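Thanks for coming, everyone. I'd like to walk you through one structure today, so please have a look at it before I start talking.

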Amino acid sequence: MEYVLRCRDNVFPCEVTIDDDNGRYMIKKADSSGEVFNSSAELVHWILDNWEIEDFYDQMQFEQMLREIQEGHIA
């Protein structure tokens, strides 16, 4: 599952990748740096600690992404 979010502070989008089959949980930030996690739960915690809904043009997309990740990957 991949999400591409247009952020306000850069022309490059943020990307969130959750690949349970291959154990890949990654975030590419607007500055093109990235974060790698051991689980989707760690990824969600990082998002909640570091990103705000106001950081993105499409706030509904951000909320939907969080909801889908939390419903699908965190028990």
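Let's begin with the aromatics: F37, W46, W51, F56 and F62 form one aromatic cluster. Before going further, please keep in mind that this is a predicted model. The structure holds 4 aromatic pairs, and I'll show you two of them. How are the rings of W46 and W51 arranged? Their centres are 5.4 Å apart and their planes sit at 80°, so this pair is edge-to-face. Both partners are out of the solvent: W46 is buried, and W51 is buried too. Now turn to F56 and F62. Here the ring centres are 4.9 Å apart with the planes at 15°, so the pair is stacked. F56 and F62 are both buried as well.

That brings me to the core. In soluble globular proteins, nonpolar side chains tend to be buried together. In this model, the largest nonpolar core has 21 residues. Which of them touch the most other members? They are V16, L43, I47, W51, F62 and M65. You may recognise W51 and F62 from the aromatic cluster. As for where the core comes from, β1 (2-5), β2, β3, α1 and α2 (59-73) each supply at least two residues.

Let's take helix α1, which covers residues 40-50. Its buried residues are S40, L43, V44, W46 and I47. Why do I say they line one face of the helix? Looking down the axis of α1, they fall within an arc of 160°, so they sit along one face. L43 is a nice one to click on. Setting aside residues up to four places away in sequence, L43 touches V16, T17, I18, Y25, M26, I27, F37 and I69. So that you can place a few of those, β2 runs over residues 14-19, and β3 over residues 24-28.

Another one to click on is L5, over in strand β1. Is L5 buried or exposed? With 0% relative accessibility, L5 counts as buried. Beyond residues up to four places away in sequence, L5 touches P13, C14, W51, F56, Q61, F62 and M65. Three of the aromatic cluster members, W51, F56 and F62, are in that list. For a sense of scale, take L5 and N38, which are 33 residues apart along the chain: their C-alpha atoms are separated by 22 Å.

Now for the charges. How many salt bridges does a search of the whole structure find? It finds 3. In one of them, K28 pairs with E15, with the closest N and O atoms 3.7 Å apart. K28 lies in strand β3 and E15 in strand β2, so this pair ties together parts that are 13 residues apart in sequence. Both ends are partly exposed: K28 has a relative accessible area of 30%, and E15 comes in at 26%.

In another, the side chains of E35 and K29 meet at 3.0 Å, N to O. E35 is partly exposed, with a relative accessible area of 25%.

And then there is R24 with D19, at 3.3 Å, N to O. Here the two partners fall into separate classes: R24 is partly exposed at 36% relative accessible area, whereas D19 is buried at 16%. The cut-off for buried is under 20%, so D19 qualifies.

I'd like to stay with D19 for a moment. D19 is found in strand β2. Which residues does D19 contact, leaving aside its neighbours within four places in sequence? Those are R24 and Y25. Closer along the chain, the D19 side chain also reaches the backbone nitrogen of D21, at 3.3 Å. So if you select D19, look for the salt bridge to R24 and the link to the D21 backbone.

One last stop, for those who like backbone geometry. Most residues other than glycine have a negative phi, and most peptide bonds are trans. S32 is not a glycine, yet it has a positive phi of about 75°. Where does S32 sit? S32 is in the loop between β3 and β4 (34-37). S32 is partly exposed, with a relative accessible area of 47%.

That's my tour. Happy to go back to any view you'd like to see again.

Notes:
Residues are numbered from 1 along each chain as its sequence is written. This is a predicted model: local features need pLDDT of at least 70, side-chain atom pairs count only at pLDDT 80 or more; totals for chains, interfaces and linings use all residues. Side-chain values use heavy atoms; hydrogens and water are left out. Helices (H or I, at least four residues) and strands (E, at least two) are DSSP runs, numbered from the N terminus. A polar contact is a pair of N or O atoms within 3.5 Å; within protein, one must be able to donate a hydrogen and the other to accept it, and residues adjacent in sequence count only if both atoms are side-chain atoms. Contact means heavy atoms within 4.5 Å. A salt bridge is a side-chain nitrogen of Lys or Arg within 4 Å of a carboxyl oxygen of Asp or Glu. Buried means under 20% relative accessible area, exposed over 50%, partly exposed in between (1.4 Å probe, protein chains only). The arc is that of the directions from the helix axis to the C-beta atoms. Rings of Phe, Tyr and Trp (its six-membered ring) pair if their centres lie within 6.5 Å; planes under 30 degrees apart count as stacked, over 60 as edge-to-face and the rest as tilted. A nonpolar core is a set of buried Ala, Val, Leu, Ile, Met, Phe, Trp, Tyr and Cys residues joined through side-chain atoms within 4.5 Å.
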